[in-house]
Amino acid sequence: MSRRGMRLLPLSIAMPMLAALGACATVGQSKTAKPPSDVSCSLFTAISYAQLDLAQRAIALAEGRPVQDEGNVADSDETVRQIEAHNAKFDTVCGNPLAPPG
């Protein structure tokens, strides 16, 4: 192969690659496609939780005993913290539907 042919070989490899990359720039989201947060907000919601009555909790803590959750109806404090952290992120991305407008 001649010297000229050797110089053209890298160029002949690079040209199709550049053409392919240029084609990628024209492919993307359409102007009517929703951003990912809009889709996520329609699929997910804030999480609700249950806590025992504050008075019942205060009495148990004042007596130095654990709070009794008969029937296991309330979420633990750790679960509530995690749910509140999730809901705060949800409100940031999707907006709080319970917040007053404005």
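**Reasoning from cut-offs in a predicted helical model**

Me: Of the 102 residues in the protein, 7% are buried. What makes a residue count as buried?

Reply: The model is a predicted one. A residue is called buried if its relative accessible area is under 20%, and 7% of the residues in the protein meet that condition. The protein exposes about 8,700 Å², of which carbon and sulfur atoms supply 62%.

Me: How do you know which secondary structure the protein has?

Reply: The assignment gives four helices and zero strands. Read along the sequence, the pattern is therefore α-α-α-α. Among the contacts with a separation of 6 or more, 58% join residues 24 or more positions apart.

Me: Why is Leu43 called exposed?

Reply: Leu43 has a relative accessibility of 63%. The label exposed requires a value over 50%, so Leu43 qualifies. Leu43 lies in helix α2, which spans residues 36–43.

Me: What makes Val39, Leu43 and Phe44 a nonpolar patch?

Reply: Nonpolar side chains are joined into a patch within 5 Å, provided that each residue has over 30% relative accessible area and no salt bridge. Leu43, at 63%, is over that limit. Together with Val39 and Phe44, Leu43 forms a surface patch with about 310 Å² of accessible area.

Me: How do you know that Asp77 and Arg57 form a salt bridge?

Reply: The closest N and O atoms of the pair are 3.1 Å apart. The cut-off is 4 Å between a side-chain nitrogen of Lys or Arg and a carboxyl oxygen of Asp or Glu, so the pair qualifies. Asp77 lies in helix α4 and Arg57 in helix α3 (residues 54–62), so the bridge ties together parts that are 20 residues apart in sequence. Asp77 is partly exposed, at 37% relative accessibility. The structure holds three salt bridges.

Me: Why are Glu63 and Arg65 given separate exposure labels, and what makes their contact a salt bridge?

Reply: Glu63, at 53% relative accessibility, is over the 50% limit and so counts as exposed. Arg65, at 34%, falls between 20% and 50% and is therefore partly exposed. Their side chains meet with an N to O distance of 2.6 Å, and because this is within 4 Å the contact is a salt bridge.

Me: What makes the contact of Arg81 with Glu78 a salt bridge, and where do the two residues lie?

Reply: The N to O distance is 2.9 Å, which is within the 4 Å cut-off, so the term salt bridge applies. Both residues lie in helix α4, three residues apart, about one turn of the helix. An α-helix has 3.6 residues a turn, so residues three or four places apart point the same way. Arg81, with a relative accessible area of 49%, is partly exposed because this value is not over 50%. Glu78, at 40%, is partly exposed as well.

Me: Why is the link between Glu78 and Gln82 called a polar contact?

Reply: The two side chains are 3.0 Å apart in this contact. A polar contact is a pair of N or O atoms within 3.5 Å, one able to donate a hydrogen and the other to accept it, so the value of 3.0 Å satisfies the distance limit. Glu78 belongs to helix α4, residues 77–94.

Me: What is found at the start of α3, and what follows α3?

Reply: At the start of α3, a side-chain oxygen of Asp53 comes within 3.2 Å of the backbone nitrogen of Ala55. Gly64 follows α3 and has a positive phi, near 75°.

How values were computed: Residues numbered from 1 in each chain as written. Predicted model: local features only at pLDDT ≥ 70, side-chain atom pairs only at ≥ 80, totals over all residues. Heavy atoms only, no water. Buried < 20%, exposed > 50% of the residue type's maximum accessible area, 1.4 Å probe, protein only. Contact = heavy atoms within 4.5 Å. Areas by Shrake-Rupley, 256 points an atom, 1.4 Å probe, with all protein chains shown as cover. Patch = residues over 30% accessible without salt bridge, like charges linked within 9 Å, V, L, I, M, F, W, Y side chains within 5 Å.
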